[in-house]
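Student: Could you take me through one part of this predicted model in detail? I would like to look closely at the salt bridges and then at what surrounds them.

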Amino acid sequence: MLTTAHILLSLVTLAILAIALAQALLLYGQHVQLKHKNFSNLVRILPPLESMEAALFKLIFIGWLLLSITMLTGFWLYENLFAPPLLEKTLLTLIAWLVFSSLLGGRRWLGWRGLTAVRFTLWGCGFLVAGLIASQLFFP
């Protein structure tokens, strides 16, 4: 039962962070078009840049919170997450968690926004996807 809950929570977490990734890519496209004064349909359709950025950080915070809970349940469920079948997934997930934590902390205390937020989101999601691929290769 708890294993099923852990898996479902992991899937919801990945879904929310995938939406955050899509939001980051839209934010990047909007930023580039505004910077080059190329006002295509993308810029006209999307909400203002500040609203897009605020939505991105809300998604990242929710994803980070769910990722934290997922990691805690994983540590509780499995006796040794650093055993060879789970080592890669565990390390890559921890790195992704640190990337998202750094982004949220940088936003709060250093005022990070814009392209920095996009880069951190891309890196964090990249580590999660790499962990998912590693888990499928080494722990089918």
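Tutor: Happy to, and a good place to begin is a residue on the surface. Leu-14 has a relative accessible area of 31%, so this residue counts as partly exposed. Leu-14 lies in helix H1, and together with Ile-7, Leu-8, Leu-11 and Leu-132 it makes a nonpolar surface patch of about 430 Å². Helix H1, residues 2-35, gives the largest share of that patch, four residues.

From H1 we can step across to helix H3, residues 49-77: the two axes come within 8 Å and cross at roughly 155°. An angle over 145 degrees counts as roughly antiparallel, and H1 and H3 are therefore roughly antiparallel to each other. The crossing of H1 past H3 is left-handed.

H3 also brings us to your salt bridges, of which the structure holds two. In one, the side chains of Arg-107 and Glu-53 meet at 3.3 Å, N to O. Arg-107 sits in helix H4 (residues 87-110) and Glu-53 in helix H3, so this pair ties together parts 54 residues apart in sequence. In the other, Glu-53 meets the side chain of Arg-113 at 2.9 Å, N to O. Here Arg-113 belongs to the loop between H4 and helix H5 (114-138), so the pair with Glu-53 of H3 ties together parts 60 residues apart in sequence. Through shared partners, the salt bridges join Glu-53, Arg-107 and Arg-113 into one network.

Now look at how covered each member is. Glu-53 is buried, with a relative accessible area of 5%, whereas Arg-107 is partly exposed at 31% and Arg-113 is partly exposed at 45%.

Technical notes. Residues numbered from 1 in each chain as written. Predicted model: local features only at pLDDT ≥ 70, side-chain atom pairs only at ≥ 80, totals over all residues. Heavy atoms only, no water. Patch = residues over 30% accessible without salt bridge, like charges linked within 9 Å, V, L, I, M, F, W, Y side chains within 5 Å. Areas by Shrake-Rupley, 256 points an atom, 1.4 Å probe, with all protein chains shown as cover. Salt bridge = Lys/Arg side-chain N within 4 Å of Asp/Glu carboxyl O. Helix = DSSP H or I, 4+ residues; strand = E, 2+ residues; numbered from the N terminus. Buried < 20%, exposed > 50% of the residue type's maximum accessible area, 1.4 Å probe, protein only. Axes fitted to C-alpha atoms, helices over the stretch in contact; angles between N-to-C directions. Parallel < 35°, antiparallel > 145°, perpendicular 65-115°, else oblique. Left-handed = near helix turned anticlockwise from the far one by under 90°.
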